[in-house]
Amino acid sequence: MLRIIVCVKIVPKPEEVSVDPETWRLDRSHARSEINPPDMNAMEIALRLKDRHGARLDILSMGPPFFDPILRVALAMGADHVTLLSDRAFGGADTLATTYTLAKGIEKLGGADLIICGEESSDGATGQVPAGLAEWLDIGQITMVHDAQVDLERRVVRGRREIKGGHEILETTLPAVLSVATACNEPRFMDYRIKEWAFDPEQVTVWGRNDIDADPDLIGAPGSPTIVSGLEEATSRERKRRFLQGSPEDIARQLSAVIRQAI
Amino acid sequence: MVQSLYGVAEETKTIWVYLERDGDTLEGVCLELLARGREMADTLGWSLEGLLLGQNISSLAHAALACGADRVYVVDHPRLADFTSEAATEAAFQAITGRRPSMFLVGVTPNGRDLAGRLAVRLRTGLNADCTDLRVNPETGVLVSEVSGFGGGILALIEMPQRRPQMATVRPGVFVPPEPDPERTGEIIFLDVDLKTTPFRTHVVERSVGEALDLTQAPVLIAGGRGVDGDFDTLRELAGLLDGEVGATRPPVDDGYVERARQIGQTGVVCRPKIAITCGVSGAFHFVVGIQDAETIIAINNDPEAPIFDYADYCIVGDVREIVPALIRELQDPRLATGNP
């Protein structure tokens, strides 16, 4: 049977994150959390493959224990089990430490034929986790796919992706990492008939650093080569901020003059 | 602490730019990186060098020299004819560990991202992705990468004090492209790599490339947001009159009114047009970063409190569905087309 692991990040809802005007730090304390929207597109691709071929579908996430209830959305959509990597020692991880930790979790789960990720996270938006994961696991990757087809006999996966001015179809051998293009599909709703099952404590496993045999030098802040050395307020260039008044026709005349001068 | 494969003590005082091929030319973002790399190299008194991977591509090395590189390393190998992340990663890995540059800069393209993500892990080094600016500390030679925090107007400065190379990726349009100087000369060095043990896992089954849309070159950008209610035809008409292109914020793209290649902002395209006209755009920061370097910004929104007005030169509080058609009629007025403006 096909084995799939979808990596899911829990992120604060962007519209609910504010900025502390004193410290310039992001204030996430009042923001509710959700599954990173691009990861929902990854879920949908995984569920379509499960519908078609039958599959064992695991969810892997990383973060504090309070992510547990949010991850159950994935179970109610059709995933079989959730594993949450949760340990204070994982905190402060940059891409290198994050991809290492996820890769150790995947190994501990026994690996999979396909590891599927969203294209990027809405709060970090670096898009570098899928390629980093593929490297730690030493397997192939196809990123930003719009759809994926698995050929179980030949043990390959094909993914179609958009490139500048067109598209390409790549094929790689299983096991492989896929990342899924943001908003390329319509993620399905939760199935409320299995809600009770999805909230059964047994469906979520929490693993710490010892459970995944993580090298303490490679996780969290010690495993992260990058440091934040400063924060600055974004300064954009001084703008005129001139408000134009009048009827739409008056405004159009003024705009037309502005445009002709600026072009 | 785990170390990268070489550290500050072993680095050569060089800045490398990954030179990605785009058909018969180099990707525009690579040229932009050469321009900024040149400035940084001059600040430090270092050498700016390019890494070109492919087959029969050495003619592109001259383009990189003309755009500011002092030296270009060319890896010519049949396994690199079509980009695959495994072969490219291994070739770049061997070139980098052999020459030990202090920095390795990559443009954000689908293949650039694939390469950077794998390569950083293989080198056990950090990766500052999607930077909005790159600077150097002239005393220490440390790269300071600026990335914007999501949602707010916050910029984080990221450094990698110990591991090498210092890797960063930058989107197209962030830096100004250089003025090529065909008289400029430099060194072209062919490097051998051993890809015999690199597995053949991935291959291209089909590739179809037509005319590429390049919003970064448009002199006029008409950007529509939620407030245009999906009516992008009117915006296209306006763009047509001004020889411009239509862009959008994320919601209309997600809703399918506009193709994703036209999404402007942090997770889309960064433009620097002469004129940007935003229509029904509220002005979330992650959008604004995509137009903030426009010479002139005109904002139309029915909410006088919309943050977009803080970033605009000309602000119109009004209904997009009235203002844009009136502007189209005005621009079509034959008296203006034939007479002096």
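This is a guided tour of a two-chain predicted model, stop by stop, with something to select at each one.

**Stop 1: the sheet that ends in chain B**

Start with the parallel sheet that draws on both chains. Select strand 15 of chain A, then strands 20, 19, 18, 16 and 17 of chain B: in that order, these six strands make an open sheet with parallel pairing. Strand 15 (242-243) of chain A and strand 17 (245-248) of chain B are the edges; each has a single partner strand, so one side of each has no neighbour in the sheet.

Now zoom in on the place where the chains join. Strand 15 of chain A runs parallel to strand 20 (residues 314-317) of chain B, and two bridges pair them. Which residues should you click? A:Arg242 has B:Tyr314 as its bridge partner, and A:Phe243 has B:Cys315. Keep B:Cys315 selected, since it is also the bridge partner of B:Ala299. That second link belongs to the pairing of strands 19 and 20 of chain B, which is parallel and has four bridges.

Next, show the helices that cover this sheet. Helix 6 (residues 248-262) of chain A lies across strand 18 (275-279), strand 19 (296-301) and strand 20 of chain B, at about 160° to strand 19 of chain B. From chain B itself, helix 5 (residues 232-241) lies across strand 16 (220-224), strand 17 and strand 18 of chain B, and runs at about 140° to strand 17 of chain B.

**Stop 2: the ten-stranded sheet**

Move to the other sheet on this tour. Select, in order, strands 13, 7, 6, 1, 8, 12, 9, 10 and 11 of chain A and then strand 15 of chain B: these ten strands form an open sheet with mixed pairing. Strand 13 (204-207) of chain A and strand 15 (202-209) of chain B are its edge strands, each paired on one side only. On average, and ignoring direction, neighbouring strands here are turned by 30° against each other.

Within this sheet, pick strand 1 (residues 2-8) and strand 6 (residues 55-62) of chain A, a parallel pair held over seven bridges. A handy pair to label is A:Ile4 with its bridge partner in strand 6, A:Leu57.

Then bring in helix 4 (residues 110-122) of chain B. This helix lies across strand 9, strand 10 and strand 11 of chain A, at about 100° to strand 9 of chain A.

**Stop 3: the interface as a whole**

Colour by chain and show the contact residues. You should find 79 residues of chain A in contact with 88 residues of chain B. About 7400 Å² is buried between the two chains, and carbon and sulfur atoms give 57% of that area. On the chain A side, select A:Glu135, A:Lys164 and A:Arg239: these lose the most area to chain B, together 10% of what that side buries.

How many residue pairs are in polar contact between chain A and chain B? The count is 40. Several elements of chain A supply at least two residues each to this side, among them helix 3 (95-108), helix 4 (129-137) and strand 9 (140-151). Helix 6 of chain A, which you met at the first stop, gives the most, with eleven residues. Colour the chain A side by residue class and you get 34 nonpolar, 22 polar and 23 charged residues.

**Stop 4: salt bridges**

Side chains of opposite charge can pair when their charged atoms come close. Ten salt bridges cross the interface of chain A and chain B. For one to inspect, select B:Arg113 and A:Glu120, whose N to O distance is 3.1 Å.

The count over all chains is 50 salt bridges. Inside chain A, try A:Arg155 with A:Asp113, where the closest N and O atoms are 3.0 Å apart. This pair links distant parts of the chain, 42 residues apart: A:Arg155 sits in the loop between strand 9 and strand 10, and A:Asp113 in the loop between helix 3 and strand 8 (114-118).

**Stop 5: backbone details**

Most residues other than glycine have a negative phi, and most peptide bonds are trans. Three places are worth a click against that background.

- A:Leu174 and A:Pro175 are joined by a cis peptide bond, with omega about -5°; A:Pro175 is in the loop between strand 11 and strand 12 (176-180) of chain A.
- B:Arg164 to B:Pro165 is also a cis peptide bond, with omega near -5°; B:Pro165 lies in the loop between strand 12 (163-164) and strand 13 (166-170) of chain B.
- A:Met144 is not a glycine, yet has a positive phi of about 55°; look for A:Met144 in strand 9 of chain A.

Technical notes
Residues are numbered from 1 along each chain as its sequence is written. Chains are lettered from A and ligands numbered from 1 in the order in which they are written. This is a predicted model: local features need pLDDT of at least 70, side-chain atom pairs count only at pLDDT 80 or more; totals for chains, interfaces and linings use all residues. Side-chain values use heavy atoms; hydrogens and water are left out. Two strands pair if DSSP finds at least two bridges between them. Contact means heavy atoms within 4.5 Å. Axes are lines fitted to C-alpha atoms, for helices over the stretch in contact, and angles run from 0 to 180 degrees between N-to-C directions. Buried area is the accessible area (1.4 Å probe) that two parts lose on being put together, summed over both. A salt bridge is a side-chain nitrogen of Lys or Arg within 4 Å of a carboxyl oxygen of Asp or Glu. A polar contact is a pair of N or O atoms within 3.5 Å; within protein, one must be able to donate a hydrogen and the other to accept it, and residues adjacent in sequence count only if both atoms are side-chain atoms. Ala, Val, Leu, Ile, Met, Phe, Trp, Tyr, Cys and Pro count as nonpolar, Asp, Glu, Lys and Arg as charged, and the others, Gly among them, as polar.
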